[in-house]
Amino acid sequence: VPVPNKGYGNSTTLPHDVTDREEADRVLLALSETVAARLRADHVQAEIVSVGIKYSDLSYVSHQKVLNTSTDITVEICGAARELFAERWNHRPVRLLGVHAGRVRRGDFSRQMSFLDEADYGKLAALDRTVDAVRERYGCDAVMRAAFLNQPIHHMSGGIQRSQAGVK
């Protein structure tokens, strides 16, 4: 019996140094897509998101945060990753980015609602599940976010989805 994963992460060494926030945000989105998809495939959610940054001089920093509630929703993981990146990035050229989701939970996933939160998490979760189903059936490139159109960054950077091995 395999031991359950304690965390899910993905990182990518970039083909060139990233020097602007918009490009870094796209990379973080791509990494968040793969991490969140793996969480959903294993029917788990994470309570901690962390980001790792390796600069062009090979120095490395990381930063993490505990989420208000566990999640497997791509936009939530990405939002946390972008926030963490913004807090740690010192505007030096970035060579590697990583996103990790930890403190994994199985079982009943209930969400504490807030009056200040305007997101419809049910719709976001349904959207992610639908995208996962389309990618599983037709391949990982069947659906991609518009942010990746005409961009050099692959929408599933740093990871290989199961559906790439063989399309059903």
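1. Is Ser70 buried or exposed? In this predicted model, Ser70 has a relative accessible area of 4%. Because buried means under 20% relative accessible area, Ser70 counts as buried.

2. The surroundings of Ser70 merit attention. The residue belongs to strand 3, which covers residues 60-71. Its side chain is joined to that of Gln45 by a polar contact of 2.9 Å. A polar contact of 2.9 Å also joins the side chain of Ser70 to that of Arg105.

3. Helix 1 comprises 21 residues, from 21 to 41. From its first C-alpha to its last the helix reaches 30 Å, close to the 30 Å expected at 1.5 Å a residue. Helix 1 is mostly covered, with 17 of its 21 residues buried.

4. Both ends of this helix deserve a remark. At the start of helix 1, Asp20 places a side-chain oxygen within 3.1 Å of the backbone nitrogen of Glu22. Following helix 1 comes His43, which has a positive phi, near 60°.

5. On aromatic residues, a search of the whole structure yields 1 aromatic pair. This pair is formed by Phe85 and Trp89 and is stacked, with 5.2 Å centre to centre and 25° between the planes. The stacked label applies because planes under 30 degrees apart are counted in that way. Phe85 and Trp89 are both buried.

6. A further ring is approached by a charge. The charged end of Arg92 sits over the ring of Tyr55, at 4.1 Å from the centre of that ring.

How values were computed:
Residues numbered from 1 in each chain as written. Predicted model: local features only at pLDDT ≥ 70, side-chain atom pairs only at ≥ 80, totals over all residues. Heavy atoms only, no water. Helix = DSSP H or I, 4+ residues; strand = E, 2+ residues; numbered from the N terminus. Expected span 1.5 Å × (residues − 1). Buried < 20%, exposed > 50% of the residue type's maximum accessible area, 1.4 Å probe, protein only. Polar contact = N/O pair within 3.5 Å; in protein donor to acceptor, adjacent residues only side chain to side chain. Phe/Tyr/Trp six-rings, centres within 6.5 Å; stacked < 30°, edge-to-face > 60°. Lys NZ or Arg CZ within 6 Å of the ring centre and 35° of its normal.
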